[in-house]
Amino acid sequence: KLAMLVEVGQALTGTLNLQAGLYDVLEVLQRRCDALRGAVTLLEDDSGMLVVEAALGYPRPAGRIRYRMGEGVTGMVAQSGAPAVVPRVSREPRFLHRAAARGQREEEITFICVPITLDGATVGTLAIEERYVPGREADRTVHALRIAAGMIAQGLRIQRLVDIERRKLVEENTQLRQELQERYEFDHIIGNSGPMRRVYEQVSQ
């Protein structure tokens, strides 16, 4: 799985757009892990729900998909902070939409989901679906996915730092504009006609 992890790192560092990087990560997992489908969920601060930020191989939904903490296998992984392996999706009652999954897929599917943790807290999940192979151990895949999830967490950390700096710049810019407007206020100057005001505004700029 070393080549996979190298490509995951490249996918996340190759763009400043975290969501685009997540899609690239899922494409790497499709190639390197023979994943049929994959998804990344991130915890939404306002609602406290898990939101699917990137998904590959699934039908395109009409809107954003959300899970409550503890809902389904994905929600349970986020709630417990422990990975989960569902060897055969059709036999797992906790797997959401399993009836529809059976209707769409003739082959058995294995579902593997790991938490994405940042500063000791779960902030999302990384999951893939692969073909069920009797007797195949999922330990190596789980281990690789956990490392990949750690890389995603670092990408999320960088994204949050960038957002904080961007907000600071916007606030500083707004404050500076207000200070300049107060400093170069021309209301008290004689000759406050429309043409003269336009002249003053040009001087201010």
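## What covers helix 5

Let's start with helix 5 (139–183) and its buried side. The cover over its buried residues includes helix 1, helix 2, strand 1, strand 4 (84–86), strand 5 and strand 6. Buried here means under 20% relative accessible area, with exposed being over 50% and partly exposed in between (1.4 Å probe, protein chains only). The buried residues of helix 5 include Thr 141, Leu 145, Ala 148, Ile 152, Leu 156 and Gln 159. Helices (H or I, at least four residues) and strands (E, at least two) are DSSP runs, numbered from the N terminus.

How far apart are the end C-alpha atoms of helix 5? They are 66 Å apart, and that agrees with the 66 Å that its 45 residues should span at 1.5 Å a residue. The expected span is 1.5 Å times one less than the number of residues.

## What kind of model this is

This is a predicted model, where local features need pLDDT of at least 70 and side-chain atom pairs count only at pLDDT 80 or more, while totals for chains, interfaces and linings use all residues. Residues are numbered from 1 along each chain as its sequence is written, and side-chain values use heavy atoms, with hydrogens and water left out.

As for confidence, pLDDT is the predictor's own score for each residue, from 0 to 100. The chain averages 84, and 87% of the residues score at least 70. Treat residues 98–104 separately: pLDDT stays under 50 there, and the model has 4 contacts for them beyond four places in sequence. A contact means heavy atoms within 4.5 Å.

## The overall layout

The chain has 6 helices and 6 strands, and reading along the sequence gives α-α-β-β-β-α-β-α-β-β-α-α. Of its 205 residues, 36% are buried. Take the contacts between residues at least 6 apart in sequence: 52% of them join residues at least 24 apart.

## The sheet

In what order do the strands sit in the sheet? The 6 strands make an open sheet in the order 3-2-1-6-5-4, with antiparallel pairing. At the edges are strand 3 (66–67) and strand 4, each of which pairs on one side only. Two strands count as paired if DSSP finds at least two bridges between them.

Let's walk across it. Strand 2 and strand 3 pair over 2 bridges, and Val 51 stands opposite Arg 66 in strand 3. Strand 1 is joined to strand 2 by 6 bridges, with Gly 38 opposite Leu 56 in strand 2. The hairpin of strand 1 and strand 2 has 6 residues between the strands, and Gly 48 takes a positive phi near 75° in it. On to strand 6: 6 bridges join strand 1 to it, Leu 42 has Gly 124 as its bridge partner there, and Thr 41 stands opposite Thr 125. Strand 5 and strand 6 are linked by 10 bridges, one partnership being Thr 110 with Glu 130. These two strands form a hairpin with 2 residues between them, and Asp 119 in the turn has a positive phi of about 55°.

## Helices lying across the sheet

Helix 5 lies across strand 1, strand 4, strand 5 and strand 6, running at about 40° to strand 5. Helix 3 (residues 72–80) lies across strand 1, strand 2, strand 3, strand 4, strand 5 and strand 6, at about 30° to strand 5. For these angles, axes are lines fitted to C-alpha atoms (for helices, over the stretch in contact), and values run from 0 to 180 degrees between N-to-C directions.

Two of the strands are mostly covered. Strand 6 has 9 of its 11 residues buried, and strand 2 has 5 of its 7 buried.

## Two nonpolar cores

A nonpolar core is a set of buried Ala, Val, Leu, Ile, Met, Phe, Trp, Tyr and Cys residues joined through side-chain atoms within 4.5 Å. The largest one has 33 residues, and those with the most contacts inside it are Met 4, Leu 22, Leu 29, Val 40, Ile 116, Leu 126 and Ile 152. Elements giving two or more residues to this core include helix 1 (2–13), helix 2 (18–32) and strand 1 (37–43). Helix 5 gives the most, with 8 residues.

What does Leu 22 touch, leaving aside its neighbours within four places in sequence? Leu 22 is in contact with Leu 12, Val 40, Leu 42, Glu 53, Ala 54 and Ile 152. Apart from the largest core lies another, of 11 residues, among them Val 73, Val 86, Phe 95 and Ala 127.
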